[in-house]
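Please report on the strands, sheets, aromatic contacts and unusual backbone spots of this protein. Keep it brisk.

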Amino acid sequence: MTELNHLSTDLIELILSFLPIPTLIRSSTVCKQWHSIISSVSFSNNHNNNKKPWFFLHGIHNISSKNNQSFAFDPTSNSWFLFPTFPTTSTTTNNHQNQPNNSFIGSNGFFFITVPEFCYTRILRPTRWHATSPLYFSRINPLLGVFNDHGPHPKFIVVGGVKFIGNLVDIEDRLDVEIYDPVQGTWELSPPLPADFRSGNSSSSLSSAMFKGRFYVYGIYSCFVASFDLKQRIWSDVQTLRPHLGVAFCFLIPCSKHLLLAGVCNSPQGGCSFNLWKVDEGTMEVSEIGAMPRELLYALFDGDEDDEFASLKCVGLDDLVYVFNEDYHSVYPSCVCEIDADSGRCSWRRVPQLPSPVNKFHKVISFCSTLSLHSILGDEDEHLQIQ
């Protein structure tokens, strides 16, 4: 029989391509040849197991950044990763010690700090913070999106939020949309959120979705929806998108072929359900595609309080929807739904518990992002601790 070390490089690469990311990370330490194959850009681009978006959960502690923790869930291997602890402060400045917790945001592959200066870093390079030129409107708790605009380099869009001057906030001021180009190092001003969102213009009451060249904003409780055209830099008319009369709150999710609404409904007969609706972005009509099994929904909670579902949050990307409880008492349990793009069939399952020990957080940031092997193995400080 042919020994393993006598196999051709192409055949080794083919064999490795069937492994999930956690196994590949371990395999990259076997020898220099395997590390070279696995960490290459070509292998990363062709690796089928890294196409499903990961679920990122970052907990912030008010008193000490040493108690912050970052977790990442790989749906293919059904396992959690624990990031090394890092401070939510920029290495480019010493002026971040008193920043408010709601100035820290995660979005599609990046962490951001919005005040007192705007900084960003890739999620796997938490010590490499980059400070931008100042925002025209310093703000906290905005919506933030990452997109590509006719080029390989991503741009950042900042929408809404609360105006921040020193330690004061102005909740009445409508803030212009700002778009940052990292290559040019400049901010571009665009029209602000429509006035309908004035009463709730921060990420605590809004959800967003980047879909087909538009940045959608949806009122979690108001059910208002509008989209920002990333080419023309204009807002659409505001519409009401309420999928069910008994809906308590909803989140807007970008899937591979369409938009989704995901939220809690109160039934006239009593009880609650967590439902998914498909949205036709042309007509803005909705149709239900499924609901979370009730035993799975109630497994996310411990008590019988009336507002037990208030701590429920939802994020998603492509064809995965993650639902989790941001209450520490429940130790942040979560579940995931995988949606078949063709049939629309929903498959729900419980996500394993977070790796212990889990600290108590004052704020939890969550988002989805695709992840490449090259971004993990490209540098030594990008390795994750496998749980």
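Helices (H or I, at least four residues) and strands (E, at least two) are DSSP runs, numbered from the N terminus. This is a predicted model, in which local features need pLDDT of at least 70, side-chain atom pairs count only at pLDDT 80 or more, and totals for chains, interfaces and linings use all residues. Residues are numbered from 1 along each chain as its sequence is written, and side-chain values use heavy atoms, with hydrogens and water left out.

**Val364 and Tyr332**

Val364 sits in strand S28, which covers residues 363-369. Buried means under 20% relative accessible area, exposed over 50%, and partly exposed in between (1.4 Å probe, protein chains only). Val364 is buried, because its relative accessibility is 12%. Contact means heavy atoms within 4.5 Å. With neighbours within four places in sequence left aside, Val364 contacts Leu57, His58, Phe324, Glu326 and Tyr332. Ile60 is 304 residues away from Val364 in sequence, yet their C-alpha atoms are 6.2 Å apart.

One of those contacts, Tyr332, has its own backbone feature. Tyr332 is not a glycine, but its phi is positive, at about 55°. Tyr332 belongs to the loop between strand S25 (320-325) and S26. At 2% relative accessibility, Tyr332 is buried.

**Two open sheets**

Two strands pair if DSSP finds at least two bridges between them. An open sheet of 4 strands has the order S24-S25-S26-S27, with antiparallel pairing. Its edge strands are S24 (312-317) and S27 (346-350), and each pairs on one side only. Axes are lines fitted to C-alpha atoms, for helices over the stretch in contact, and angles run from 0 to 180 degrees between N-to-C directions. Neighbouring strands of this sheet are turned by 20° against each other on average, direction ignored. Strand S26 (residues 334-339) is joined to S27 by 5 bridges, and the two run antiparallel. Within S27, Cys346 stands opposite Ile339.

Another open sheet of 4 strands follows the order S9-S10-S13-S14, also with antiparallel pairing. Here the edge strands are S9 (143-148) and S14 (186-190), each pairing on one side only. The average turn between neighbouring strands of this sheet is 25°, direction ignored. S9 and strand S10 (residues 154-159) run antiparallel and are joined by 6 bridges. Val146 has Phe156 in S10 as its bridge partner.

**Aromatic pairs**

Rings of Phe, Tyr and Trp (its six-membered ring) pair if their centres lie within 6.5 Å; planes under 30 degrees apart count as stacked, over 60 as edge-to-face and the rest as tilted. The structure holds 27 aromatic pairs. Two of them are listed here.

| Pair | Geometry | Centre to centre | Between the planes |
|---|---|---|---|
| Phe110 and Tyr120 | edge-to-face | 6.2 Å | 65° |
| Phe112 and Phe156 | edge-to-face | 4.9 Å | 80° |

Phe110 in strand S5 and Tyr120 in strand S6 (residues 119-122) are 10 residues apart, and their pair links distant parts of the chain. Phe110 is buried at 4% relative accessibility. Tyr120 is also buried, with a relative accessible area of 13%. Phe112 lies in strand S5 and Phe156 in strand S10, so their pair ties together parts 44 residues apart in sequence. Phe112 has a relative accessible area of 0% and is buried. Phe156 counts as buried too, at 0% relative accessibility.

Which residues form one aromatic cluster? Phe110, Phe112, Phe118, Tyr120, Phe156, Tyr180 and Trp187 do.

**Loops**

Gly109 lies in the loop between strand S4 (104-107) and strand S5 (110-113). Gly109 is buried, at 12% relative accessibility. Not counting residues up to four places away in sequence, Gly109 touches Thr121, Arg122, Ile123, Phe367 and Ser369. The C-alpha atoms of Gly109 and Leu124 are separated by 8.2 Å, and the two are 15 residues apart along the chain.

Two cis peptide bonds follow. The bond from Val115 to Pro116 is cis, with omega near 0°. Pro116 is placed in the loop between S5 and S6. The bond from Ser356 to Pro357 is cis as well, with omega near 0°. Pro357 is in the loop between S27 and S28.

Is Lys212 buried or exposed? Lys212 is exposed, at 60% relative accessibility. Lys212 is in the loop between strand S15 (206-211) and strand S16 (214-219). Lys212 is not a glycine, yet has a positive phi of about 50°.
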